[in-house]
Amino acid sequence: MICVGIARGRHRHVIAEQKFLAENGIGLVELRLDFIQGKIQVKRLFRDRPCPAIATCRRVSDGGHWAGTEEERQLVLRTAIVEGAAYVDLEDDIAGQVRRYGPTKRIVSHHDFQKTPADLAVLQRRLADMDADIVKIATMANHPSDNLRMLEMVQAATVPTIGICMGDIGMPTRVLTGRFGAPFTYATFHEDRLLAPGQIGWRQMRDVYRYDAVGKATKVYGVVADPVGHSLSPVVHNAALAAAGIDAVYLPFRVPAEQLDEFIWEAARWPLAGLSVTIPHKESILRHVTTRDDLVNAIGATNTLSFSGDSITAHNTDAAAAVESLEKALREQGEAGLVDVTGVNNALVLGAGGAARAVAFALRKRGVEVTVCSRTVERARRIAAEVGCKAIDWTARYKLPHACIVNATPVGMHPLVNETPFEKEHLRPYMVVFDTVYNPENTLLVKEARATGCRIVTGVDMFVRQAAIQFRHWHGVEPSEQVMREALKRATASAKLPT
Ligand code: NAP
């Protein structure tokens, strides 16, 4: 069950939001009484409501807004109990002062905005002993292993316990707490109105992460990165999992570089079945891998791990995705005869990072003559030496004509959407233009190439393809690329785009 926090200043807004949520199938709300401006009309908020409600009134020291005295606050909570609130949230330091009354259930809670304490089990037992029907512990995660300690504490608890880690490192616990036995999780009414760090909106919890479908047998996948908040992989993979009816969930794991080793050592405790790997871990994570495919060996980087028992297999789906999306575009937009990359004699790859390396390698392998062009020419030279191609300086990119231009730099990505790595005057209708940037899909380069009459491959084509190949590695079936593409487009249209 998802409990949605309602934090509004006016009674009528609280009531309207609760009605809206109940009509949308939400079975429990938390009314944050500390947000109400002026005198709180407790009876109006708790009598005859459309779904059960928790009465919560947080002090500033617990992350709340309560501006009155402590005596007044406890009076508000007692009144909510008398008025029939389904639950009352009592912080551990006052739980002993507010006695059980009537059918109202007691949530005894503890918050720590700095850290996750070492002795979670001891803390849980202390809270449970305060006549708790439910224990709630919310602490800041500073390390991915804080999440595991929290979830394992929930699993071992004999009194129903909700354990959540705050912050973006802690986000997976919000989705998985129920899998480990929590009676419900918390989400916000709106993504923009966060009540605690790392919270997510109820629609995302319900529709993207399918919280209510996550159970003990649900397999856990995710993307490991730092930062990870901007990643669109969870949206794409979860949509495909839902469409395919697979009992699995895909989560964002923010893991700083110095915590990566421990995260991988502890993989079985989540338990992780597969990971997408992105910046900054694509190369360093290889030290944990037991098996690698040829592409990983050749490129020296992975974007996909599969876990099975003690073995960890690494794949690289970026390279295959680049060539496959290029070929698809040639088939769909090409003239007769030009249906695969072997029809493209030569390609100019802009950039010399991980994406450029994967694309250069894949094209080279298919016999395309590749030139890598980079702002930092030494990086281009390194790729050239590894994959057997040419390297040129950034300023030389217009000197020779190329049949295919690949942008593997972030130029044109949100928010710098008015920039292009390859000026319009140098585009020619015979060119295939492949922009790996997917946010937005229609970059300035893509728009100008389209206007010139070039054939186009977008970053969305590649992103969806690499995710689809990952999906096949993990689940053994082809996902619906249409579903993935639509989920990606919805997310980029509605999300606050990354900077
Ligand atoms: P990366 O390793 O950081 O490499 C970025 C490359 O772009 C570097 O060579 C960098 O040059 C160059 N660059 C950055 N800003 C530039 C500028 N203003 N002008 C010229 N060159 C510039 O990143 P990556 O992992 O390769 O990713 C690069 C881009 O590829 C991403 O931004 C993403 O949009 C795209 N990508 C797409 C997919 C997909 O599935 N569609 C997958 C992976 C990546 P310096 O070395 O001089 O800094």
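Modeller: Buried means under 20% relative accessible area, exposed means over 50%, and partly exposed lies in between (1.4 Å probe, protein chains only). This is a predicted model, where local features need pLDDT of at least 70, side-chain atom pairs count only at pLDDT 80 or more, and totals for chains, interfaces and linings use all residues. Residues are numbered from 1 along each chain as its sequence is written, and side-chain values use heavy atoms, with hydrogens and water left out.

Colleague: Why is isoleucine 26 called buried?

Modeller: Its relative accessible area is 6%. The limit is under 20%, so isoleucine 26 counts as buried.

Colleague: Where does isoleucine 26 lie, and what does it touch?

Modeller: Isoleucine 26 sits in the loop between helix H1 (11–23) and strand S2 (28–32). Helices (H or I, at least four residues) and strands (E, at least two) are DSSP runs, numbered from the N terminus. Leaving out residues up to four places away in sequence, isoleucine 26 touches Ile2, Val4, Leu21, Cys51 and Trp202. Contact here means heavy atoms within 4.5 Å. Histidine 13 is 13 residues from isoleucine 26 in sequence, and 17 Å from it in space, C-alpha to C-alpha.

Colleague: Why does aspartate 131 count as partly exposed?

Modeller: Its relative accessibility is 37%. That value falls between the two limits, so aspartate 131 is partly exposed. The loop between helix H4 (120–128) and strand S6 (134–140) holds aspartate 131.

Colleague: What is the phi of aspartate 131, and what is that of arginine 210?

Modeller: Phi is near 55° for aspartate 131, a positive value in a residue other than glycine. Arginine 210 has a phi near 45°, also positive in a residue other than glycine. Arginine 210 is in the loop between helix H7 (202–208) and S9.

Colleague: Which residues does a cis peptide bond join?

Modeller: One such bond joins aspartate 226 and proline 227, with omega about 5°. Another joins asparagine 439 and proline 440, with omega about 10°. Proline 227 lies in the loop between strand S9 (219–225) and helix H8 (233–244). Proline 440 lies in the loop between strand S19 (432–435) and helix H14 (444–452).

Colleague: Which residues touch the most other members of the largest nonpolar core?

Modeller: Phe46 and Leu305 do, in a core of 93 residues. Helix H5 (residues 144–156) gives the most to this core, with 5 residues. A nonpolar core is a set of buried Ala, Val, Leu, Ile, Met, Phe, Trp, Tyr and Cys residues joined through side-chain atoms within 4.5 Å. Beyond four places in sequence, the contacts of phenylalanine 46 include Leu31, Leu33 and Ala80. A second, separate core has 37 residues, among them Ala321 and Ala408.

Colleague: Now the ligand. What makes the pair at threonine 376 a polar contact?

Modeller: An oxygen atom of the ligand is 2.4 Å from an N or O atom in the side chain of threonine 376. A polar contact with the ligand is a pair of N or O atoms within 3.5 Å, so this pair qualifies. Glycine 459 offers a backbone N or O atom 3.0 Å from a ligand nitrogen atom.

Colleague: Which element gives the largest share of the shell around the ligand?

Modeller: H15 does, with 4 residues. Of the 23 residues around the ligand, those that come nearest include Ala352 and Arg379. A residue is near if one of its heavy atoms lies within 4 Å.

Key: A polar contact is a pair of N or O atoms within 3.5 Å; within protein, one must be able to donate a hydrogen and the other to accept it, and residues adjacent in sequence count only if both atoms are side-chain atoms.
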